Amino acid sequence: MAKIQIGISACLLGHEVRYNGGHKRSAFCSQELSQHFEFIPYCPEVAAGLGIPRKPIRLVARNAAIEAEESNNPDQVVTHLLKEAGDHFIAEHSHRMSGYIFMNKSPSCGIDRVKVYHPNGHPDGTNRGVFSNQVIEHLPHLPVEEAGRLNDPLLREQFITQVMQYHDWKTEIEPHLSKSGLIAFHTKQKYLLLSHSPKHYQDLGHLIADLRQDDLSSIATKYITLFMQALRIPATRKKHTNVLMHIQGYLKDVMTVGESQELTQLIGHYHQGIVPLIVPLTLIKHYIKQRGGISEFIKLQTYLQPHPFELGLRNRL
């Protein structure tokens, strides 16, 4: 099968495209993620023709707008060049991307906390980079993250979960939109949704409950908007515990009393932070695989394996 494609700041793969001719290679992206995903490397500053090496740029608040300018050279405004390059990239690649990893703090690629300056050089808060802002505004459902934040196990797992489910939507639901397909997608995502946002779980359930309330295309747009919003809400230990207990309820008839007590104990240990999420989940998946008479609803749940097992993303949750 073709690998899922993710856009990425080229410097994070070791490409020597930074203003000083260097790079910011990410071992996690270039070594681990590259085994499971195909990257679309891009540097908007190089694509805009700024060259390598080049004068560094910064964001400047000027005339009620934020411009990208060469540092210490206000006459060299490059905002329009970055936006033109960004428009070209989005037009060419948006249909095949299921996520984007940006270089943090970059005036072109940072998602958050990019420094903005007054024309006199004094700090003036923070903003998004020029290119990253384009991507987020044009592709509001696209999962995005900064490379630095992927060092956090919770954020790392959350981002990859978003990428996998968004790819599923783009390839399985969006091209062949139907009521049955939308219902099937929602059914398998129920416990994943519950682990992130019980409110969105309820709201999306109500949306799916009456597919006659609006035309299917409008409902699908509302659905994916709420769905991706839900996955951006962190899945906490408390919410995971709740989901594990729900799943355990479906297994009670295929486990002995001793097995049920063991699983209850492991779920409790996870809730207390003694063992990682993978421990009770492994036992649950063992029973689902080995025992008959288990509900198909549970077997289909994305929550059980929302991303490649080999990445080990739940080993540290």
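**Entry 1. Helix 4**

I started at helix 4, residues 130-138, which lies across strand 2, strand 6 and strand 9. I took its angle to strand 6 and got about 160 degrees. I note here that the model is a predicted one.

**Entry 2. The sheet under helix 4**

I then looked up the sheet that holds these strands. It is an open sheet of four strands in the order 2-1-6-9, and the pairing is parallel. Strand 2 (37-42) and strand 9 (144-146) are the edge strands; each has a single partner strand, so one side of each is left without a neighbour in the sheet. From one strand to the next the twist averages 25 degrees.

For the pair at one end I listed the bridges. Strand 6, residues 100-102, pairs with strand 9 in the parallel sense over three bridges. F102 has E146 of strand 9 opposite it.

**Entry 3. Helix 3**

Which strands does helix 3 lie across in this sheet? I found strand 2 and strand 6, with the helix running at about 155 degrees to strand 2. Helix 3, residues 79-93, also lies across strand 3, strand 4 (65-70) and strand 5. Against strand 4 I read an angle of about 100 degrees.

I picked H88 in helix 3 for a closer look. Is H88 buried or exposed? Its relative accessibility is 53%, and exposed begins over 50%, so H88 counts as exposed. I also took one long distance from H88: its C-alpha atom and that of E262 are separated by 56 Å, with the two positions 174 residues apart along the chain.

**Entry 4. The five-stranded sheet**

Strands 3, 4 and 5 led me to the other sheet. It is an open sheet of five strands, in the order 5-4-3-7-8, with mixed pairing. At its edges I found strand 5 (73-77) and strand 8 (123-127), each with a single partner strand, so one side of each is left without a neighbour in the sheet. Neighbouring strands of this sheet are turned against each other by 50 degrees on average, direction ignored.

I went through the pairs in sheet order. Strand 4 and strand 5 run antiparallel and are joined by two bridges. E69 stands opposite V77 in strand 5. The two strands form a hairpin with two residues between them, and N72 in the turn has a positive phi of about 65 degrees.

Strand 3 and strand 4 pair in the antiparallel sense over six bridges. R62 has A65 in strand 4 as its bridge partner. This pair is also a hairpin with two residues between the strands; here N63 in the turn has a positive phi, about 55 degrees.

In which sense do strand 3 and strand 7 run, parallel or antiparallel? I found them parallel, with two bridges joining strand 3 (residues 57-62) to strand 7 (residues 114-117). L59 stands opposite V116 in strand 7.

For the last pair, strand 7 and strand 8, I counted three bridges and an antiparallel run. Y117 stands opposite P123 in strand 8. The hairpin they form has five residues between the strands, and G121 in the turn has a positive phi of about 95 degrees.

**Entry 5. P308**

Next I looked at P308, in the segment after helix 12 (296-299). At 18% relative accessibility P308 counts as buried, since the limit for buried is under 20%. Which residues is P308 in contact with, leaving aside its neighbours within four places in sequence? I found H36 and M164. As a distance check I took I160, 148 residues from P308 along the chain; the two C-alpha atoms are separated by 9.1 Å.

**Entry 6. Whole-protein values**

I closed with the totals. The secondary structure comes to twelve helices and nine strands. The C-alpha atoms fill a box of roughly 75 × 45 × 35 Å along the principal axes.

Of the 317 residues, 47% are buried. The protein exposes about 15400 Å², and carbon and sulfur atoms supply 51% of that area. Among contacts with a separation of 6 or more, I noted that 66% are between residues 24 or more positions apart.

How far apart are the mean positions of the positive and negative charges? For 34 positive and 30 negative charges I have 6 Å.

Technical notes: Residues numbered from 1 in each chain as written. Predicted model: local features only at pLDDT ≥ 70, side-chain atom pairs only at ≥ 80, totals over all residues. Heavy atoms only, no water. Pairing = 2+ DSSP bridges. Axes fitted to C-alpha atoms, helices over the stretch in contact; angles between N-to-C directions. Contact = heavy atoms within 4.5 Å. Buried < 20%, exposed > 50% of the residue type's maximum accessible area, 1.4 Å probe, protein only. Areas by Shrake-Rupley, 256 points an atom, 1.4 Å probe, with all protein chains shown as cover. Lys, Arg positive; Asp, Glu negative; His and termini not counted. Charge placed at Lys NZ, Arg CZ, Asp CG, Glu CD.
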